[in-house]
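Hi there,

Here is the structure I promised to pass on to you. Have a look at it first, and then read on for my notes on what turned up.

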Amino acid sequence: MNGSTALPPWLPTAPCTPGDCAAHPDPAPGHRAERAGAVLAVARLTAGIGAVLLGVLLAPATGLLPAAARLALARSWVRTVLRAFGVRVRYEGADGVLPGPLLVVANHVSWLDIPLVAAVLPGRMVAKTEVRRWPVLGTLAALGGTLFIDRDRLRALPGTVCAMSGVLDGGGRVVVFPEGSTWCGRAGGRFRPAAFQAALDSGCAVLPVRIDYRPTGAAAYVGDDPLGASLWRVVSTRRMTADIRILDPIFSIRYPDRRALAAAAQRAVARDSANLSSPSVHHRDSSRSAAASSFRTPA
């Protein structure tokens, strides 16, 4: 379960709820077509979970491979998982990515965002500590070197930022979703500035990434939405497409502080979204009160 009661006041929240924002696929017309759709969904779910489990089983053995081979194998595996779940992916701008350390920042719609970014921009992900306890996926996250942040302990945040800076200083990439909360995709939240301090401390560039899904509602993983329900929506949706646009890098040296740098990255992602609905559309679809969101990190 994503939500909780008595949330700490510093945690960002989104007004998105499963009932208002996460659309369930309409059944196909006709009993026979509906049965065929259900069979396909079960096949996708089985194939996707099988691909994930295969990755867990093979992960220890990959430690014996050279770094370049491990990276290529991991990217191939992630793309296989996405295909197995029935998600078509289109990347744009990947050829122009700078070498060396980067703070990769993206808008946050779904749990799908994580493998989508990892498939083209592998790096150390930043995730809430709850992810570590997820069945299978938590083990994979830990094996992949995820930097876990305790969102309930504000005092732990400087240590996480310091760990991010250490990865960047070592020439690695760090991937973070600075909205701190999943949004439905029709609108987005403010980029929280804490993670951007790591880019300033290490002097590295920030690489904004825009993620869009069609249909939007089927991919959204928001509020108290159970992971199982989200998985079923994904595998039940026909022709789900994810568009990932890698934008121009933002050089941190040009900005005086983390708030200005975060605002610049947020503007870049917002400008790129040609399909971003107006706030009125989002509020019309999300008339309920703000609910706890599935991925939160304090800023």
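Strand β2, residues 102-106, is largely enclosed by the rest of the structure, because 5 of its 5 residues are buried. Neither face is left open: L102, V104 and A106 are buried on one side, and L103 and V105 are buried on the other. Please keep in mind that this is a predicted model.

What does β2 pair with? One partner is strand β5 (residues 173-176), which runs parallel to β2 and is joined to it by 4 bridges. Strand β6 (residues 205-214) also pairs with β2 in the parallel sense, here over 5 bridges. V105 is a handy residue to click on for both pairings: it stands opposite V176 in β5 and opposite P208 in β6.

Helix α4, which covers residues 113-120, is mostly covered too, with 7 of its 8 residues buried. The buried ones are D113, P115, L116, V117, A118, A119 and V120.

Some overall figures, for orientation. The protein chain holds 11 helices and 8 strands, and 48% of its 299 residues are buried. Its accessible surface comes to about 14,200 Å², with 58% of that belonging to carbon and sulfur atoms. If you take the contacts between residues at least 6 apart in sequence, 83% of them join residues at least 24 apart.

On to the charged pairs. How many salt bridges does a search of the whole structure find? The count is 5, and I would start with the ones around D243. The side chain of D243 meets that of R90 in a salt bridge of 2.7 Å, N to O. This pair links distant parts of the chain, since D243 sits in strand β7 and R90 in strand β1 (residues 87-92), 153 residues apart. D243 also meets R214 through a side-chain salt bridge, at 2.6 Å from N to O. Here the link runs from strand β7 to strand β6, where R214 lies, and the two residues are 29 apart in the chain.

Are these three residues buried or exposed? D243 counts as buried because its relative accessibility is 14%. R90 is partly exposed, with a relative accessible area of 48%, and R214 is partly exposed as well, at 37%.

Another salt bridge joins R233 and D225, whose closest N and O atoms are 2.4 Å apart. Both ends count as buried: R233 has a relative accessibility of 1%, and D225 has a relative accessible area of 3%. Going back to the D243 pairs, salt bridges with shared partners join R90, R214 and D243 into one network.

D225 comes up again in the surroundings of S230. That serine is in helix α9 (residues 227-236) and counts as buried, because its relative accessibility is 0%. Leaving aside residues up to four places away in sequence, S230 touches W111, Y221 and D225. With W111 there is also a polar contact between the side chains, at 2.8 Å.

Two backbone details deserve a look. As a reminder, most residues other than glycine have a negative phi, and most peptide bonds are trans. The peptide bond that joins R214 and P215 is cis, with omega at about -5°; P215 lies in the loop between β6 and α8, residues 216-219. R239 is not a glycine, yet its phi is positive, at about 55°. You will find R239 in the loop between α9 and β7 (240-246), where R239 is exposed, with a relative accessible area of 56%.

A smaller note concerns A141, in helix α5 (residues 137-143). A141 counts as buried at 14% relative accessibility. Which residues does A141 touch, not counting those up to four places away in sequence? They are V131, T146 and F148. A141 and V131 are 10 residues apart in sequence, and their C-alpha atoms are 7.6 Å apart in space.

Finally, the outside: L54, L57 and L58 make a nonpolar surface patch of about 310 Å². Of these, L57 lies in helix α2 (residues 31-62) and is exposed, with a relative accessible area of 66%.

Happy browsing, and do write back with whatever catches your eye.

Best wishes

Terms used. Residues numbered from 1 in each chain as written. Predicted model: local features only at pLDDT ≥ 70, side-chain atom pairs only at ≥ 80, totals over all residues. Heavy atoms only, no water. Patch = residues over 30% accessible without salt bridge, like charges linked within 9 Å, V, L, I, M, F, W, Y side chains within 5 Å. Areas by Shrake-Rupley, 256 points an atom, 1.4 Å probe, with all protein chains shown as cover. Salt bridge = Lys/Arg side-chain N within 4 Å of Asp/Glu carboxyl O. Buried < 20%, exposed > 50% of the residue type's maximum accessible area, 1.4 Å probe, protein only. Polar contact = N/O pair within 3.5 Å; in protein donor to acceptor, adjacent residues only side chain to side chain. Contact = heavy atoms within 4.5 Å. Pairing = 2+ DSSP bridges.
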